[in-house]
Each structure stands twice: as structure tokens, then as C-alpha cells.
Amino acid sequence: MKKIIWLLGIFALTAKTAVPQQLAVATPQGKHTVSGTVSDAATGEELIGATVYIKELGAGTTTNTYGFYSLTVADADYELVAQFIGYTPVTKKISLSQNIKVNFSLETTTTEIEQVVVQGEKLNKNLTRPDMGMEKLQIATIKSIPALFGETDVIKSIQFLPGVGTSGEGFIGYNVRGGGTGQNMMLLDEATVYNAAHLFGIFSVFNNDALKDVKFYKGGMPAEYGGRLSSLLDVHMKEGSPQKFGVNGGIGLLSSRLTIDGPILKDRCSFIVSGRRSYMDIFFPLYRDEIPDDTKLYFYDMNAKVNFKVNDNNRLFASGYFGRDVMNYAGVMQIDYGNRTLTTRYNHLFNDRLFSNLSVIYSHFMYGLEESDTRWESSIRDWNAKADVTFFATPQNTLKTGGQLTYHKFTPFTVTAGANSPNYMKNVSQHNKSLEYAAYVSHETKIGGIIDIDYGLRMSMFQNFGKAEVVNLDENYNAVDTTRHEKGIFNTYKGIEPRISVNWRVTDKASVKANFQQTYQYVHLASTTMSPLPIDSWFASNPNVKPERCRMVSLGYFQNTQNDMYAFSAETYYKKMYDVVDFKDHADMFVSDDIATQIRTGQGYSYGLELMLKKQEGKFTGWVSYTYSRTFTKVETINNNEYYPSNYDKPHDLSVVATYDVLPRLHVSLNWVYSTGAPRTLPTGRFEYNGVIAPVYAERNALRLPDFHRLDLSATFDLKTVERKGRPWLEQNLNLSIYNVYNRHNAASIMFEQDEHDPSVMTAEKLYMFSIFPSVTYNFKF
């Protein structure tokens, strides 16, 4: 612990002070470094993941999260090329005899130009990079996919990828390679988002208009990330244009959005502010017989970011998110919940090859339930400090190291009863405090032009501390007594997390990849439902609940056609999970005094095969993906201590996503999904005892819901561009989407009801969420 804190202190000190001459990194004799940034010529925003390479050597790299690149090569005259999908490549001639800076500004291309020139390095990244199980999602692709209520969404888009399943129709919860929704890490500008749902999961907190870059990892997670077993969704916000002001937004049936960005100091300081508001409840008066008066249901959120370029070597960022959901049922019951995040970052370039980032981050999620003058609240707060250093040693070798410290403050529940409440108790729970540490080092190397290896080691530690009462359990998980801790650290867990990814270029158009990773998860999600709800509770590892742990190995084959127009991939994986959390039979997390009495821990395993065929360019683009997977869990006292299908076990999953440019101004899209029905524990009989009829249940998750399938369509028509002074002033389009075209009633659950006329007869009724739903959205950009 002292070493990690010392390491963080050193990083913070070096990031805030000038670099002494002796710290300068020596350049090998006869070699020098070309470095710089790649940005959008129209907006001035840096491009993440742009390719920069030297034609003569075939050596290249990609820009990091802040648009920075660095290449160290032998002195000579070269042609340096920068390119990015959707942009016209730029070539610059350089004469390298000393360290130089070369910045690129790329112009966006039309579709026709893109078909001709935007090829090569970027389109075959699936072959050249060592990481597997990673998808970089283009914002334009996300916006083109048909969606419920016409609201395109990052999370709903990744549900169409192989290995990713939905936790419920129309909802943003997702399961990755047999993991639960609580095993997915979601980051917004490095801040943890604990619940990404708006309106109980119909919308997500990620506003596409404010987003710049989206990366999704279902395997091959880099060593700098940890804390979850299954996946990482890493989302970065736009910085705003440092060159000109812009306004864009959209007006839909159920929500509207508006984004404003522009320079504060031209080319040095910029901002972006983006907001959304739903108004579903304005239609409630049309359903007076079904929805009482004064019923409210809405959400609002705001993204904001400011960045300041101090000079070529120093840059400051500050970004934040604030969102809130409110549901008030005729003044009788209210549910409200929301997220808040704040991220401050400091980038420092020590020299042409040594880059650092220091971040201080705050994250807060809370929810409340109020009924009969009694309010129940729960929350989690994180304070996080992290530092990262990247050393671009050579074009073939990149080193990264860093560390972070997170202070968690959990408030499981706070109950406050008013004078008019039938329950006159007042119970304020204790705050549960914990510290989570991590330090990592990683090395990405290229060997002989055909082998790429990215390996690293992450070390983590978790400690409970402060004033707390820990329940002591007997062998049957019954609370016996409590142990009271007044202060100090009273429990510690440690974890070693090795990571390695290998890529072997079999040919110019084919590669084989392998990956192994071990991950630890120290915070857990308590949920009795498939979809993430605001009333779900997060709780920390403690003396009664060990951290979850996972080991996963994966192997993949990747093949492109000669022109890189088509890309095929086949990945197979096996993961073993330890100390996974599940609820006991008939658990009640609201009545119990301590959640430890309601949960059980055990082990699980998952395996699968993931196939994907993608068309990457042209008028017709999209992909077809198929996943075969199985997931099983064995938990003490559940299912007679035998393995049973987990809640996320869906053997077959098929997705089709397609976009076609019918005309230069008319684009149509469709997606079709199919999956095996989710497993459920349902009654198979009943018995009567003393006049009371009770159900008899099957084994845990022994039965399944009907298979799931759905077709969605959308059409986007680009309206006439309004020009002023010969330049585009207003760009606009109209989007029409139809969700669930053939009106499939997919079962969300099965309910059993007693027949009104014959109590001896039970009938099963299917509960479904959505029928066919058309929507229209007007989008504009000034």
C-alpha cells in the first residue's frame, strides 16, 4: 500500500513540475522522433485511434486517447501519412535529422471518396492489433441502427455484437460472455457509471451528440483497466471545437436534445454543453382511465466539458455529467435516481516520446423510493486519483505504467419516516467505507513484422476500514451476532492480474490471436431481476463476501478479403469464475437486516464460439454475427449444490445489422435479432396444505421463456442544406424508425394466475413489454 501511494505521489509531482534536463529520454544515435497530433480540420478536435505511418518503412502507430502519436526511426527523408475512417488521408514529406513535431488536420470525405481512398491500415486493424474481443464503435454507425422510440444508443448498439446478449427487450442492460450486468465496467471520461439506465433502461445515460470515442472490450482487457470480470465500455466525450461555434440537436416523439460547442479562446480553449429532456408524461392525459392524474415520468441530463491548451506540452480538461430520473405515481409513490460524475485531467508531454496523464475523478449514484410519507435511499460515492505514463520507445515498443487509488463510500439504505407515516421508525444505516488500489505495467511489442504481443501485470488490493458492524454468520448463513469496528482497516483482499494478448500475422490478410487474462471484482451488484433497475444495490466485498475472480482464455482467427471490404472473425473462449454471487431461494433483500444473509457465493464457467462477417465499406455496410455459448453456476445450498444454467445462459444468438444508401440523401437500415429464451425458475405443480395452495418449483433455471426475435427498420432522409455566403449553414435530416416491425410479443416473464371460476385451475400468462412502435425524429446541425 505504501509503495502504491508513493508511486502515485511521484507521478503527481513529475506531472506538475518542469522536467529536469537529466530526465530527458536519450535518443539512440542516428535516430530521431517525429511526434504530434491528428485532428479534425473542421472542428479542431483530436482524433482517437488515427493511423500514422511511414510509407518507406511500413512502420506506424495510432494516436492515443488525446490524439497524440510518436515514432522514432533512423534519420532519413520520408513520407509520413495520417488517415482515419471517413477522412481523406494526408501525406507530408519530412526530413528527419532531429526531433520534430508534425501535426495533421484531416478533412472529412464524401461517401464516394471514402469508397476509393479510405482503405489500408485502418480497415485491417482487426489483423494488425494484438487485442482481441475489442470493438471500436463509430458514432455514425451507432446513429444509423434502428432503435426503440427512435433513440439510438451506444449500449443498444453493442448488444448486436457477438458474445453480447440483452438482459431484456428494449432495455440497456447487457450480458457479456456469460457474465451478469453488474460485471460490466462503464466509464464516461474515466468516471465509473454504476447505473446507465434512464426510464428504467429504455434510454441510457450516453448522449450520442456529446460522444467522441467508444471502445468496447469483451476480452483482451488492457492492464490499465480492472475492477470488473466481464467487459469494459470506455466512452470519451467531445472537447468542443476550438475554431468555431456549432449547434446541433434533435426533436423526437418522447425526448429532445440540444448541444452547443465552440471556442472560448480560439485554438486554445473550447467547451461543449449537451442536454436532453424526455416528455413521455405529456401523453398521460390521453390515458385517463389507466393512468391517474398528476402522474409524472421523465428524465433529464447534461454533459459539459472544457479543455485548455496551456502550451504544446501541457493541457487541462474538466468534464462532468449530471442526470436524474423521476417517476411519481399520482403523488402516492415516487422513485427518483441519477448519476453525477466529475473528471479533471492534466496531460503533460515530457518530451517527444514520454506522455503522462493525471486524473482526479468523482462519481456518485443514488436512488430513492418514497411512499406513505416514508423515504428509502441508497447511494454509492467514489473519489478516484490515477496517474498513467506512456513511453513510445520505438515504433515496435510501447511501455505503459500507472496506478490509482479509489475511495468508496457505500450507503446501503437510509430510511426516514415522517409524522404522517404509518411506520414511525427512523433508521439511518452506517456508511460502509473501503479503499481500492491498483498499479500496473504493460509492454506492447512487434516482432519481425508478423508477431504482436501486448502483455502486462496489474496488482490490486481492497480494504474495508472505518466504523462498521459486520454480521457473523453460522453454517446456515443465519446472523449470530455482530463484530463492531470503530476505526482503522479491518479486512484486506489482494489480487494479481496477469494479461497477455498475442497476434500472429499468418498472411497479409489473415491472423491468429490468443489471449489470457485474470480479473478481480471487489464491488458487487445485488439484483433479483434480469434488467438493471434503480433499486438494485451495490455493495463492497467484506469479511462475509470475497471478491469475485475470473480467468479467461480465448483464441481467434481473423480473415479479410484482398481489398479489406469484408472482414471475418471466429473467436472461442472459456472462462472460469470464482466466488460469484447469487441470491438464495426466495431471497428478500428488502426485509433482511443484512444482505449477507440473503446471498450465496460459488463458482461458474462459461464457454462459447463467436462468428462475425462484416462489410466495412460501400453503399451497403453492416454485419452478421452468431454466438453459441453456455454458462453454468454452482452455488452452495442452491439446486442441491449442483450446476445450473445461469440467468444469462442463452445458447444461440443471431444478429443482422445492415445499412444501405439507396440515394445520396436516403439511407435505410435494419436489424434483426434472434436468441434462445432466457432460463427461468417456474412452478411445475402445486399442493394444498390446510386449505392453502402453494406452488412446487422446478430446479433452478430448469425451464425457459419462448425464443426471442425481432425486426427493426429505419429510414433517414437528408433534407436540403441551407447555405449562407456560399457555405453550409444548416444541415438537417428526418429519421423514421419502426421498432418490432412484425409485432412480435416477446415474453419478458411468465405469470401464473388462479382461475376466478375454478380455484383448482392455474393459467400461465405471458408478460411482454413492447408491441410495434413507430417513431419520427428531426435532427439538425448549424
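Two strands count as paired if DSSP finds at least two bridges between them. With that in hand, take valine 52, which stands opposite threonine 61 in β3. Those two residues belong to a run of four bridges that ties strand β2 (residues 51-54) to β3 in the antiparallel sense. What we're looking at is a predicted model, and this little pairing is a handy way into it.

Step back from β2 and β3 and an open sheet comes into view: four strands in the order β3-β2-β5-β6, with antiparallel pairing. At its edges sit β3 (59-62) and β6 (90-96), each pairing on one side only. From one strand to the next, the twist averages 20°.

Now for the whole protein. Its secondary structure comes to five helices and 52 strands, so it's worth recalling that strands of a sheet pair through backbone hydrogen bonds, either parallel or antiparallel. Of the 782 residues, 54% count as buried. Among contacts between residues at least 6 apart in sequence, 64% join residues at least 24 apart. The accessible surface comes to about 34600 Å², and 57% of that belongs to carbon and sulfur atoms.

Next, move along to an open sheet of five strands, ordered β9-β16-β17-β12-β13, where the pairing is mixed. The edge strands here are β9 (134-137) and β13 (191-192), each with a partner on one side only. Where does the parallel part come in? Strand β12 (residues 184-188) and strand β17 (residues 231-237) pair in the parallel sense over five bridges, and asparagine 184 has serine 231 in β17 as its bridge partner. Over at β9, the picture is antiparallel: four bridges join β9 to β16, and methionine 134 stands opposite tyrosine 217 in β16.

Being an edge strand doesn't leave β9 bare. In a regular strand the side chains alternate between the two faces of the sheet. In β9, Met134 and Lys136 lie on one side and Glu135 and Leu137 on the other, and all of them are buried.

What sits at the heart of this region? The largest nonpolar core has 32 residues, of which Tyr174, Phe206, Val214 and Leu233 touch the most other members. The elements giving two or more residues to this core are α4 (139-144), α5 (154-158), β11 (174-176), β12, β16 (211-217) and β17. Valine 214 shows how these pieces meet: leaving aside neighbours within four places in sequence, valine 214 is in contact with Glu135, Lys136 and Leu137, with Ile139, Ile142 and Val154, and with Leu233, Asp234 and Val235. Apart from this core lies another, of 28 residues, among them Leu254, Phe365, Tyr367 and Val415.

That brings us to β23, the strand that holds both asparagine 339 and arginine 345. The strand is mostly covered, with 12 of its 17 residues buried. On one pairing, 14 bridges join strand β22 (residues 314-329) to β23 in antiparallel fashion, with threonine 341 in β23 as the bridge partner of tyrosine 321. The hairpin of β22 and β23 has three residues between the strands, and alanine 330 takes a positive phi near 55° there. On another, 17 bridges join β23 to strand β24 (residues 354-371), again antiparallel, and leucine 342 has tyrosine 362 in β24 as its bridge partner. The hairpin from β23 to β24 runs through four residues.

Is asparagine 339 buried or exposed? Asparagine 339 counts as buried because its relative accessible area is 5%, and the cut-off for buried is under 20%. Its side chain reaches the backbone oxygen of asparagine 195 at 2.7 Å. Beyond residues up to four places away in sequence, asparagine 339 touches Val193, Tyr194, Asn195, Val205, Tyr321, Phe322, Gly323, His364 and Phe365. Phe365 is also a member of the 28-residue core.

Arginine 345 gets similar treatment: its relative accessible area is 4%, so this residue is buried too. What does its side chain find there? A polar contact of 3.1 Å joins the side chains of arginine 345 and tyrosine 66. Among the other residues in contact with arginine 345 are Asp189, Glu190, His236 and Arg315.

Definitions and conventions
Residues numbered from 1 in each chain as written. Predicted model: local features only at pLDDT ≥ 70, side-chain atom pairs only at ≥ 80, totals over all residues. Heavy atoms only, no water. Core = buried A, V, L, I, M, F, W, Y, C linked by side-chain atoms within 4.5 Å. Buried < 20%, exposed > 50% of the residue type's maximum accessible area, 1.4 Å probe, protein only. Contact = heavy atoms within 4.5 Å. Areas by Shrake-Rupley, 256 points an atom, 1.4 Å probe, with all protein chains shown as cover. Polar contact = N/O pair within 3.5 Å; in protein donor to acceptor, adjacent residues only side chain to side chain. Axes fitted to C-alpha atoms, helices over the stretch in contact; angles between N-to-C directions.
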